[in-house]
Structure formats: C-alpha cells, structure tokens
Amino acid sequence: MKNIKINALASITVNILNIIFPLITNPYLTRILSKDNYGHFNNANTWASFIVPIAAFGIYNYGIRSISKVKDSKEQINHVFSKLFYLSIFTSLSVTTVYFLIIGLGSDIHTLKILYYILGFQALIQFLNIEWMNEAYENYTFILYKTLFIRILMLVSIFAFVKNEDDIIPYALIMTAVTFINYLISFVWIKKEVSFVKIPIREIIDSSKSMFIMLLLANANMLYTLLDRLFITKSPNLEYISYYTISMNIVMLITVVLTGTINVTIPRLSYYLGKKDQESYEYLINKSSSLFLFFIIPIGIGLTLLGTFATVIYASDKYTAAGIVTSLFAIRTLVWSLEYILGNQIIFVNDREKTLTLYYFIGGIINLILNTILFLNNIFEPEYYIITTLVAETIVVIFEIIFIRKYNLISLTDIFQKSTKYIIVSLGFIPIYYIFRKIFQIESYTIDFNSLLMIFCTIFCSACYYILTLFITKDITLIYVLNIVLTKFKKII
C-alpha cells in the first residue's frame, strides 16, 4: 500500500501547480481580453460547466470508491473499469448530441455560439476522463508529473495565441485542446494496468439505473454556484458574470490546494471501512480534517478582509467592483470546508450517498427559490447570489450534522472543537488589518507600493500571531505541522 503522506504531498503539489499557473494566465487574460469578450467566455463556460458533469454521469466519485474496495482483485478491477467506461461512452455521446442540438437553436450572437460549441466539446470527451482510476490506484506521483506538463503546455499556448482583446476563440480552443490531451495521457497510462472485458448490455443498463443517484450527487453542485451563474448570465450587464467567476476563481485557487489533504484520504477511508477497521478510519478522519481546518479557516478569514485588494491584483482595477463578491466567497469557504468534511469523508464514504444527495437537493431547491426571487425582482448583482448559496449550504451542514449524530457514524467533537478554536483565533486578524490600514493611510484599493506593503505586513503579522497563539495553547495540529517542517529541514541541511 502506498504511503499516504507521499500521496498527500503529491496531491497538494498538484493543487499548488493548479494555483500557480492560473495565477499567471488568468490575470493576463483579464487584462488582455475586453470585458465584453471575457463576459462572453464566462457565459459560454457556465453553460458548458452545466453539461459536462451530466455527461460524466457521476462516474468519477463512484469509480474511486468502487475500485478502492476491490483493489485486491485484478479480475474485479477490470470488470468495474470496463463497465463504467462503456457507460461513460454512452452518456458522453448522448448528452453532447442533445446539447449541440439545443445550441443550434439558441443564441444569435455568432461569437457566443462558437464558444458554446468549442467548450461543449469537453462533454463529448468525458469518456476519456478516467483519472478516477489513477486516484483509486493512488497514482498521485504520475498525476503530479502529468499536471506539470499540461500546465506548461497551456501557459505556452495562451501566451503564444492570445495576444489581443479579441482572441477569445483561440483561448477557448486552447482550453478544450489541453483538456483532451490531459484525458488522453491518463487513459494511455492507466491502460497499462487494466484491461477491457466483455460486459453484458443488461448489466450496464442495470448499473446505469443504480448509478442515477450518483448522477444526482455529482451534479448537485449545479444547484449552488453554477445555478447562481446561470441566473446571472441572464443579466443585461455582461460584467456581472465575470465578477462572480473571477471572485470564485480567486477563492478556489487559494483553497483548492488544501483539498488534497481530504481527497487523498477517500480511497484509504473506503479501504478501512471495507476491512471494518473503524479505529483507523476515525483516526484518519480526525487527523486529515484537523490539518485541513488548520489552514483553510485562517485563509478564509484573511481573504475576507483582503478580498478587494486580491481582486484588483488578480484581475486589474477593471474589476474592483468584484471585491465584495470575493470577500463573500471567502466567508462561504468557512461553511464549505465543514460541509466538505462531513459530506465526503463521512457520509459518502459510509455509502450513504442517497441521504447526502437528498440534503444537497433540499439546499439546492432553497437556493433555486431564493435565486428566483432575486431574478423576478430584476436583481442580478452577484453578491446577492453568493449570499443565497451561503444560506443554502448552511442548511445542508445542519442536516448533515443531525444525520451523522443520529446514526453515530463518528464523533464530531474533535472537528467542532478545532473549527471553533481556529475561527476564534483567526478573528484576531481583523484588528491587525485595520491597524495597518491606518498606519499606511490606505483609503482606496489602488495597488501601489504603500498598499502592497500594507498587505504584506497584514499577512505576515497575522500569520505570526496565528502560529504564536496556537503554540502557546499547545495545539496538536500545529505541533504536527512543525515537526514535519523541521524533519524536512534537517534532511535538506
């Protein structure tokens, strides 16, 4: 069995790469492309994001869990892989066909229609997206090297072919082509370890019926941030969808690196449950969730305070108005992180996806109702839509807590104590931020030497305060992190 620390490190490194490269390309794109063209792209990409998960049919998460449980049997692995691959071919082709037919009857804006087709092609190639096999096999080192290659390819292509404000079509082509290459490399790699076997059509049909709940689970996110974006695309102001998308990208770019500490545990948690090793299961959940919360909570609160500055640095002063949306997204991170743990590590891994899906849809319907109220009142400002999602996700978390306690899946005491502690400590960032704003006399969000110095001092002093406070209170997670850092440092020297 592969070392989970190495897996976590590789996964986190992959996520870091997924942050570093967009932090180079996205600011470049927001400055090069006109606001209208960038708005068209975000509009088309929103609708493509709607159909791609449907084409994927929830196979990704189902595949990771299914393969993880039969890793000791080559025959069963080939059987599960083949069945899911054949099913994926059908769903990819059928969903893309329907989507292209609808697009043919849709928008009259030529550029927008072309973007719909180009980005929609990503749904057609979903059957090649077998990264779930690599995750189930815990091939995170391969994923790391492949991600580095793909990101460099994307970076070079963007700088080579996107040079003026009207190059939105070349950008869309690059995004789709790189996605195809990414899927193809993973497919070729994993085929060295698995083989196709014959699967009766009846079994594939039966599996598709049983997997319908996985489709709902995998696509429940459509009723949250994606639903918000779909409503905002109906706004007469093209800038609003860009505000929402840019803010979401900023927050997710910063926080997604930390999801590696959670994602790499899913196969191992499924394995422990399959072996009925409850002690190892609970230990791994508490360890990984504590590490996740240790980092994600201070980042969320810090970004809430520096949201507008982060937006201007990331996307230029053309998008200063998106700052409030970035701050709200950062607040949402606090709720999202808790739900991520409860939903993925506990409820889903315990094969309670039907219940989890029900909760997601209850929250999603609430979000739909609130969004509809905004829409009917001609309110399209993105900040209101992220608030509706925040409300809906909070309700989902409450349902999850009640369910986990009712069926005694695991004690949540440690998770709640750590969450509360890190939030309380991180609230100390607020006076630090305002003290430095006063010292440097920052009255606007213009990025100059003074404001950059203020941002640096705020982040540095907040980090020192956070670490010192937790050190004084003898926080176990901090001690664990410090031990890892010291061990690595000793090896280097």
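# Notebook: a helix inside, a pocket, some odd phis

I began with α11, and found its buried residues packing against α2, α12, α17, α18 and α19. This is a predicted model, so I keep that in mind throughout. How many of the residues of α11 (residues 225-232) are buried? I get eight of the eight, so the helix is largely enclosed by the rest of the structure. I listed them as Thr225, Leu226, Leu227, Asp228, Arg229, Leu230, Phe231 and Ile232. Asp228 and Arg229 are on that buried list too, and I made a note of them because they count as charged.

**Helix α2**

I picked α2 next, as one of the helices α11 packs against. I checked its length: 22 residues (35-56) at 1.5 Å a residue should span 32 Å, and I find the end C-alpha atoms 31 Å apart, which agrees. Just past the end of α2, I noted that Phe57 takes a positive phi of about 65°.

**Core**

I then pulled up the largest nonpolar core, which has 143 residues. Which of its members touch the most others? I find Trp132, Met133 and Ile346. Helix α17 (residues 323-348) gives this core its largest share, 13 residues. Apart from this core I found another, of nine residues, with Val14, Tyr140, Phe142 and Leu144 among them.

I looked up Met133 on its own. Skipping neighbours within four places in sequence, I have it in contact with Ile67, Ile77, Phe81, Ile190 and Val194.

**Second largest pocket**

I put the volume of the second largest pocket at about 830 Å³. I count 29 lining residues, and those nearest the centre are Ile254, Pro298, Ile299, Gly302 and Ile459. Where does the lining come from? I see α1 (4-32), α12 (239-255), α15 (278-305), α16 (307-315), α22 (449-472) and α23 (476-492) each supplying at least two residues. I sorted the lining by character and got 26 nonpolar, three polar and no charged residues. Of these helices, α12 is one I had already met, packed against by the buried residues of α11.

**More positive phis**

I went looking in the loops. Ser316 is not a glycine, yet I read a positive phi of about 80° there. I place Ser316 in the loop between α16 and α17. Is Ser316 buried or exposed? I have it as buried, because its relative accessible area is 9%, and the cut-off is under 20%.

Asn378 is another non-glycine with a positive phi, near 55°. I find Asn378 in the loop between α18 (353-376) and α19 (382-406). With a relative accessible area of 61%, Asn378 is exposed, since the cut-off there is over 50%.

**Two exposed residues and their distances**

I located Glu443 in the loop between α21 (429-439) and α22. Glu443 is exposed, and I get a relative accessible area of 72%. I took its C-alpha distance to Ile398: the two residues are 45 apart along the chain and separated by 39 Å.

My last stop was Ile476, in helix α23. Is Ile476 buried or exposed? I log it as exposed, because its relative accessible area is 60%. I also paired Ile476 with Phe159: they are 317 residues apart in sequence, and I get 45 Å between their C-alpha atoms.

Methods
Residues are numbered from 1 along each chain as its sequence is written. This is a predicted model: local features need pLDDT of at least 70, side-chain atom pairs count only at pLDDT 80 or more; totals for chains, interfaces and linings use all residues. Side-chain values use heavy atoms; hydrogens and water are left out. On a 1 Å grid over the protein atoms alone, a cavity is a set of points where a 1.4 Å probe fits but cannot get out, and a pocket is an open set with protein on both sides within 12 Å along at least five of seven lines; lining residues have an atom within 4 Å of a point. Grid points are joined across faces, edges and corners, and a volume is the space filled by probe spheres set on the points. Helices (H or I, at least four residues) and strands (E, at least two) are DSSP runs, numbered from the N terminus. A nonpolar core is a set of buried Ala, Val, Leu, Ile, Met, Phe, Trp, Tyr and Cys residues joined through side-chain atoms within 4.5 Å. Buried means under 20% relative accessible area, exposed over 50%, partly exposed in between (1.4 Å probe, protein chains only). Contact means heavy atoms within 4.5 Å. The expected span of a helix is 1.5 Å times one less than its number of residues.
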